[in-house]
Amino acid sequence: MGHGSGIRQVGWIDIPGGGQVVLDGNHAYIGHMDPPYGTSVLDVSDPACPRVVASIDIPPGLHSHKVRVHNGIMLANRERTRGDKPTDDFVGLRIFDVSTPSSPRDICHWKCAGMGTHRFTFDGRYAYISAELDGYVGTIVMILDLKDPTRPEEVGRWWMPGQWTAGGETPDWKGRDHRCHHPIRRGDRLYVSYWYGGGVILDISDMTRPRMISSLDWSPPFGWPTHSLVPIDKPIAGHRWMLVADEHVQPLHPDLSPELPAMVWMVNITDETRPIPVSCFQLPELVGIKTPLMTACHQPVETITSNEVPAAWFASGLRVIDIANPLSMKQAAWWMPDVPPGASRVCSNDVYVDHRGLIYLIDRNRGLSILERV
């Protein structure tokens, strides 16, 4: 059952570990970490008794650990993992008609290169994706138009200068260190995390020609990659803000701040040409000691609707962050799931809040918790 403060468990289902969970209506969609499990569809109309109504497999060498759904259309990434993908398979996006959620219908395979597509967002018309393309080093930003979801069309792309090696650019970083993790759209802006390249705010008022407004990067002196830039839709104290989450994985260098594990930053974007970090949130017990990787921050929820922000904190479960005072964030509630069967510890990977206010927390190894703030 787990335990916590200010949170109660409504339901739980034993399901293979996932990288993402999203809701559309009364159905939850889970992108799984490891083959043969690709994507699962759950009926959560009764959140106390979630049940699987459809599942899609994926072959060895690939995974579909990210998923988005809008207007009866489901997008699942297809990314290379360990080993070679099957010679007759592909990387990119797999697109389904889920107008009947229990019977997903495969309608399109959008193909790219390299490792494939990592994380992305989708608003029902446009998909904002991180994809590898021939001629580039690492994933770049791409905007796809899914007006006809059977025939996605590229609208525009953006890359960090140095990525386009086929165009004569030369990166000043190692390998794929600077790469797009994923874009999040608000209005005519894209908020884009860029791993060890920090993050950028892009103007997409002309989607065919995204333009960088500003950037930020603190790796180094901090050793953690930037996972997500999440804009806060409502002003606080007359200012505009975004949360920036670093991910507690793959340190840039072992000597860079191992005693300060990855955390969430509050960044002032009132002047979006000059994003300024003003505070951060971390569990006090994790500061000043070396912790195993995947102990601290993974990511906050990506649509922030109140001053309480649920966040997946890897081995520390769910943490609800009070952002009412942006200069001094604090913990408002927390939940620690039980260690899943067969795992050595909790690994909370993704979090989503549905239209009823229920919180969905997927474990990377096994199990989905459905929670409620009390």
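Me: Why is Y136 called buried?

Reply: Happy to walk through it, with the reminder that this is a predicted model. Y136 has a relative accessible area of 12%, and buried means under 20%, so Y136 earns the word.

Me: What makes the ring pair of Y136 and W159 edge-to-face?

Reply: Two values settle it. The ring centres of Y136 and W159 are 5.3 Å apart, and rings pair if their centres lie within 6.5 Å. Their planes stand at 70 degrees, and angles over 60 count as edge-to-face, so that is the label this pair gets.

Me: Which parts of the chain does that pair tie together?

Reply: Y136 sits in the loop between β13 (126–131) and β14 (140–145), while W159 belongs to the loop between β15 (153–158) and β16 (178–186). The pair therefore ties together parts that are 23 residues apart in sequence. Y136 and W159 also form one aromatic cluster with W164.

Me: How do you know that W158 and Y194 are an edge-to-face pair?

Reply: The same kind of check works here. The centres of the W158 and Y194 rings lie 5.8 Å apart, and the limit for pairing is 6.5 Å. Their planes are at 90 degrees, and over 60 is what edge-to-face asks for, so the name fits. This pair links distant parts of the chain, with W158 in strand β15 and Y194 in strand β17 (residues 189–195), 36 residues apart. By this rule the count comes to eight aromatic pairs.

Me: Are W158 and Y194 buried or exposed?

Reply: W158 has a relative accessible area of 10%, and Y194 has 0%. Buried means under 20%, so W158 is buried and Y194 is buried.

Me: What makes β1 and β24 edge strands?

Reply: Start with the open sheet of five strands, whose order is β1-β27-β26-β25-β24 with antiparallel pairing. β1 (3–5) and β24 (299–300) each have a single partner strand, so one side of each is left without a neighbour in the sheet.

Me: How do you know that β26 and β27 pair?

Reply: Strands pair if there are at least two bridges between them. Five bridges join β26 (residues 318–322) to β27 (residues 330–336), so the two count as paired, and they run antiparallel. One contact to look up is I321, whose bridge partner in β27 is Q331.

Me: Which strands pair with β30?

Reply: Strand β2 (residues 7–16) pairs with β30 (residues 366–373) in the antiparallel sense over seven bridges, with P16 standing opposite R366. Strand β29 (residues 359–363) also pairs with β30 in the antiparallel sense, over four bridges, and Y360 stands opposite I370 there. A hairpin joins β29 to β30 through two residues.

Me: What lines the largest cavity?

Reply: A search of the whole structure finds one cavity of 30 Å³ or more, with a volume of about 50 Å³. Its lining includes G38, D57, N77, R78 and F96. The elements that give two or more residues to this lining are β5 (37–43), β6 (51–57), β9 (73–80) and β10 (92–97). Of these, β9 gives the most, with three residues.

Me: How do the residues of that lining divide by character?

Reply: The lining has four nonpolar, four polar and three charged residues. Among them, F96 is in the lining and Phe counts as nonpolar, whereas D57 is in the lining and Asp counts as charged.

Technical notes:
Residues are numbered from 1 along each chain as its sequence is written. This is a predicted model: local features need pLDDT of at least 70, side-chain atom pairs count only at pLDDT 80 or more; totals for chains, interfaces and linings use all residues. Side-chain values use heavy atoms; hydrogens and water are left out. On a 1 Å grid over the protein atoms alone, a cavity is a set of points where a 1.4 Å probe fits but cannot get out, and a pocket is an open set with protein on both sides within 12 Å along at least five of seven lines; lining residues have an atom within 4 Å of a point. Grid points are joined across faces, edges and corners, and a volume is the space filled by probe spheres set on the points. Rings of Phe, Tyr and Trp (its six-membered ring) pair if their centres lie within 6.5 Å; planes under 30 degrees apart count as stacked, over 60 as edge-to-face and the rest as tilted. Buried means under 20% relative accessible area, exposed over 50%, partly exposed in between (1.4 Å probe, protein chains only).
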